[in-house]
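Biologist: I should like a close look at one part of this model, with its surroundings described in turn. Please begin with a single side-chain contact and proceed from there to the helices and the cysteines.

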Amino acid sequence: MTTKTVTAPFRADHVGSLLRPENLLKARKDFEEGNITSAQLRNVENKEIAHIIDKQIEVGLSLVSDGEFRRRFWHTDFLEHLNGIEGYVPEVGYIFHGNEETERYNIRNTGKISFNPDHPFIQDFKEFNALVDGRAVAKQTIPSPNQLFNEGIRDVSIYPDIEDYANDVIQAYRDAVAAFYNAGVRYLQFDDVYIAGLSSPDIPFNDGEFSREFLIDLALRVVNGVLEDKPSDLVVTTHLCRGNYRSNWAFEGSYDLIAPTLFAKEKVDGFFLEYDDERSGGFKPLEHIPNDGARVVLGLVTSKNGELEDKEQIKARVEEAAKYVPLEQLCLSPQCGFASTHHGNKLTEQDQWNKLQHIVQITKEIWG
């Protein structure tokens with residue numbers, strides 16, 4: 001088996017999640033109702049993951065993800081398997097644009113936080129990577145450590161001092177990164193709604209105890225603390241998202257408020273940024289990205305509907321972004337995943353593949 005050299009993030013990339021096929025949704029429902037075993041569900045998952053690996057390679061991508069096919073939600077499935085964190089059903093879900101309430105599920109702090117060496121995502125990656133078999137770079141996505149700083153998660157009776165909480169979160173994620181690396185991960189992505197929220201005027205995920213400036217600084221310290229001793233051949237990126245649930249969004253706001261700190265100083269290899277509509281603001285905050293620093297993956301193609309963007313308009317927007325970041329540091333992707341939760345966005349699987357192929361074609365025309 002040979003593995004491609006990692007040069008991620010790639011000119012044509014994508015955030016990670018893909019629409020769950022009906023066969024997989026049915027199998028999960030059958031499992032929950034006791035009609036099939038966990039082994040039977042696993043077989044269906046592996047079959048469908050093998051299929052989307054082939055499809056991603058077929059449309060011309062250099063990376064492949066497992067589509068997050070073993071998850072219900074993009075974040076809770078990983079976080080609830082950390083020591084000191086549990087999943088539960090709250091009284092209300094997240095409230096999105098238009099007062100749409102998400103399916104009710106969340107996580108909370110129940111004890112001292114640490115990484116569980118038997119975390120199921122490690123075995124999940126090993127099986128996924130075996131299916132990839134060196135034909136592309138296997139990308140692993142997990143929620144950012146900063147997701148644990150959302151309002152209502154930290155138990156102040158366990159962690160009265162937020163700095164103690166932050167130190168344990170950092171160590172848990174350092175151990176997680178090491179475990180993924182040892183399992184073969186060389187391209188890891190932190191998905192971060194929390195940081196994007198800090199750049200929203202309303203700070204929607206903050207309980208008001210701390211200032212925005214403190215929380216932005218803390219978010220930077222947490223990620224950089226996790227990555228302090230990361231292996232040199234491990235690529236780590238951050239994806240900033242303003243909510244993605246059945247093609248809806250949670251909040252808006254440009255990157256202006258976080259760019260001077262996070263864009264300038266976060267020690268990641270790339271930023272996946274939403275730029276598919278006016279909610280994201282302009283490209284000027286990109287001037288804080290250091291030259292020869294992190295790559296900027298422009299999310300100019302929306303995952304929220306199936307309409308293909310005009311190729312020349314996308315090229316023009318890339319050219320505009322290149323006024324602030326050298327063209328050689330830019331890449332292209334959808335602004336978010338196609339299915340951050342098992343529900344999926346409002347487009348078809350064929351629409352999804354068309355979008356990804358469209359991105360590949362555009363990047364070839366721009367960068368050759």
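**A polar contact and its surroundings**

Modeller: The side chains of Thr141 and Glu68 are joined by a polar contact of 2.8 Å. This is taken from a predicted model, not from an experiment. Thr141 belongs to strand S7, which covers residues 140-143. Its relative accessibility is 4%, so Thr141 counts as buried, the limit being under 20%. Leaving aside residues up to four places away in sequence, Thr141 touches Glu68 together with Val15, Gly16, Arg71, Gln189 and Asp191.

The next residue to consider is Leu79, which has its place in helix H3 (residues 76-79). The C-alpha atoms of Leu79 and Ile142 are 8.7 Å apart in space, although the two residues are 63 residues apart in sequence. Leu79 has a relative accessible area of 1% and is therefore buried. With residues up to four places away in sequence again not counted, Leu79 touches Ile85, Ile107, Pro143, Gln147, Leu148 and Tyr173.

Tyr173 leads on to a helix pair, since Tyr173 of H5 is among the residues that make the contact between H5 and H7. Helix H5 spans residues 162-182 and helix H7 spans residues 212-226; their axes come within 8 Å and cross at roughly 30°. An angle under 35 degrees counts as roughly parallel, and H5 and H7 are therefore roughly parallel to each other. Their crossing is right-handed. On the H5 side, the contact is made by Ile162, Glu163, Ala166, Ile170, Tyr173, Arg174 and Val177. On the H7 side, the participants are Phe214, Leu218, Arg221, Val222, Gly225 and Val226.

Two further helix pairs share H2. Helix H1 (residues 22-32) and helix H2 (residues 38-58) have axes that come within 10 Å and cross at roughly 170°. This angle makes H1 roughly antiparallel to H2, because the threshold for that description is over 145 degrees. In this pair, Asn23, Leu24, Ala27, Arg28 and Phe31 of H1 meet Ser38, Leu41, Val44, Glu45 and Glu48 of H2.

H2 also packs with helix H4 (residues 120-132), at an angle of about 45° and with the axes 10 Å apart. H2 is thus oblique to H4. The crossing of H2 and H4 is right-handed. Here H2 contributes Arg42, Asn46, Ile49, Ala50 and Ile53, which meet Gln123, Asp124, Glu127, Phe128, Leu131 and Val132 of H4.

There remain the cysteines. A disulfide is a covalent bond between the sulfur atoms of two cysteines. The structure holds 0 disulfides. Cys241 is accordingly in no disulfide, and the nearest cysteine sulfur, that of Cys336, is 3.6 Å away. Seen from Cys336, the closest cysteine sulfur is that of Cys241, and the distance of 3.6 Å is too far for a bond, because a disulfide requires sulfur atoms within 2.5 Å. Cys241 is buried, with a relative accessible area of 5%. Cys336 likewise counts as buried, at 3% relative accessibility.

Terms used: Residues are numbered from 1 along each chain as its sequence is written. This is a predicted model: local features need pLDDT of at least 70, side-chain atom pairs count only at pLDDT 80 or more; totals for chains, interfaces and linings use all residues. Side-chain values use heavy atoms; hydrogens and water are left out. Helices (H or I, at least four residues) and strands (E, at least two) are DSSP runs, numbered from the N terminus. Buried means under 20% relative accessible area, exposed over 50%, partly exposed in between (1.4 Å probe, protein chains only). A polar contact is a pair of N or O atoms within 3.5 Å; within protein, one must be able to donate a hydrogen and the other to accept it, and residues adjacent in sequence count only if both atoms are side-chain atoms. Contact means heavy atoms within 4.5 Å. Axes are lines fitted to C-alpha atoms, for helices over the stretch in contact, and angles run from 0 to 180 degrees between N-to-C directions. Angles under 35 degrees count as roughly parallel, over 145 as roughly antiparallel, 65 to 115 as roughly perpendicular and the rest as oblique. A crossing is left-handed if the near helix is turned anticlockwise from the far one by less than a right angle, and right-handed if clockwise.
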